[in-house]
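Welcome, and please have your viewer ready. We will make a few stops together, selecting one residue or group at a time.

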Amino acid sequence: MRGEVCVGFASILSFASLLLLLFVHFGQINTSTVPRGIAMAKLNVSGYGESLHRAFFDPIEGLYTANASAPLMAGAGLRQFYRFGLYSHCAYIDDKQGLCGNHTIGDQFQPYDAITSDMSANYTAFTNAIISSTSTFRDSSYLGQSSKAAYWMLLLGTICAALALITGFAKNNFTFFLSSIAAIAGSIMVLVSASIWTVLVNKSAAVNNIIIQSPGTQILVGIELSAGTGLFMTWAAFACLFVSVVPYMVSCCTYRG
């Protein structure tokens with residue numbers, strides 16, 4: 001009986017982990033209600049235009065677009081909000097209306113490129129001058145390669161979570177042992193992925209504190225980068241899968257079916 005209870009608890013935990021990870025994978029694949037709300041990182045540039053206006057004392061015209069269907073990365077105008085998923089990034093003119101870019105396996109996290117490629121050339125030049133080339137936010141190579149590696153770790157972790165759940169359905173000591181191994185491996189991979197994304201977001205978030213120097217005053221840049229719900233869900237998935245290791249191992253040692 002003890003083995004039955006343990007494997008049932010382990011199955012619930014591994015199922016919860018797998019479900020969370022699947023939702024993370026669905027994030028920003030399109031702009032419908034559920035994917036729209038899930039992202040690994042969020043970027044709010046709605047205050048950037050006002051900051052430029054206060055710094056330069058000139059009207060800021062043509063920086064943003066109000067057309068939600070305007071193509072991304074084509075100089076068609078900056079959007080208010082950007083959200084980054086595992087397969088694409090999407091840009092929104094408000095909380096609901098937006099457009100997603102091309103879908104790529106392990107889409108690279110490159111927020112600086114995402115916003116500057118939407119700007120006209122003159123605003124891109126201003127942004128290049130304001131955000132230092134030594135800023136992590138601007139280091140697209142580092143961010144892109146690291147997020148790509150994090151994607152593969154997360155994908156392998158998702159597969160391991162699925163294997164842990166499936167093999168646990170076959171009630172014998174050997175399959176419970178396999179579930180334990182899959183849960184351990186999956187936990188490690190999801191942990192690595194979540195850690196990489198957390199470091200990338202935290203380092204890139206230094207852009208939030210950049211100051212635009214203006215005569216007589218200092219003005220925050222008006223760009224805010226933060227972690228998205230997808231990153232929190234990834235950490236929750238790790239916790240569930242990690243905890244499932246214990247009941248799987250107990251079931252392996254105590255089941256007498």
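Start by selecting Gln 28, which counts as buried because its relative accessibility is 0%, under the 20% cut-off. This is a predicted model, so please read each stop as a computed picture. Gln 28 sits in the loop that links helix 1 (2–26) to helix 2 (33–36). Now show its side chain: it reaches the backbone oxygen of Arg 36 at 2.9 Å. Next, display what surrounds Gln 28. Beyond neighbours within four places in sequence, its contacts include Pro 35, Gly 37, Arg 83, Phe 84, Tyr 92 and Cys 100.

For the second stop, select Ile 130, in helix 5 (residues 121–130). Is Ile 130 buried or exposed? Ile 130 counts as buried, because its relative accessibility is 16%. Setting aside neighbours within four places in sequence, you will find Ile 130 in contact with Tyr 48, Leu 52, Ile 210, Ile 212 and Val 221. If you would like to try a distance, pick the C-alpha atoms of Ile 130 and Asn 30: they are 32 Å apart, with the two positions 100 residues apart along the chain.

Finally, move to the surface and select Phe 174, Phe 177, Leu 178, Ile 181, Ile 184, Ile 188, Val 192 and Met 249, which make a nonpolar patch of about 690 Å². Which helix gives the largest share of this patch? Helix 7 (residues 173–204) does, with seven residues. Zoom in on Ile 181, in helix 7: this residue counts as partly exposed because its relative accessibility is 44%.

Conventions. Residues are numbered from 1 along each chain as its sequence is written. This is a predicted model: local features need pLDDT of at least 70, side-chain atom pairs count only at pLDDT 80 or more; totals for chains, interfaces and linings use all residues. Side-chain values use heavy atoms; hydrogens and water are left out. Helices (H or I, at least four residues) and strands (E, at least two) are DSSP runs, numbered from the N terminus. Buried means under 20% relative accessible area, exposed over 50%, partly exposed in between (1.4 Å probe, protein chains only). A polar contact is a pair of N or O atoms within 3.5 Å; within protein, one must be able to donate a hydrogen and the other to accept it, and residues adjacent in sequence count only if both atoms are side-chain atoms. Contact means heavy atoms within 4.5 Å. Patches are made of residues with over 30% relative accessible area and no salt bridge: like charges are joined within 9 Å, nonpolar side chains (Val, Leu, Ile, Met, Phe, Trp, Tyr) within 5 Å. Accessible areas come from the Shrake-Rupley method with a 1.4 Å probe; for residues, only the protein chains shown count as cover. A salt bridge is a side-chain nitrogen of Lys or Arg within 4 Å of a carboxyl oxygen of Asp or Glu.
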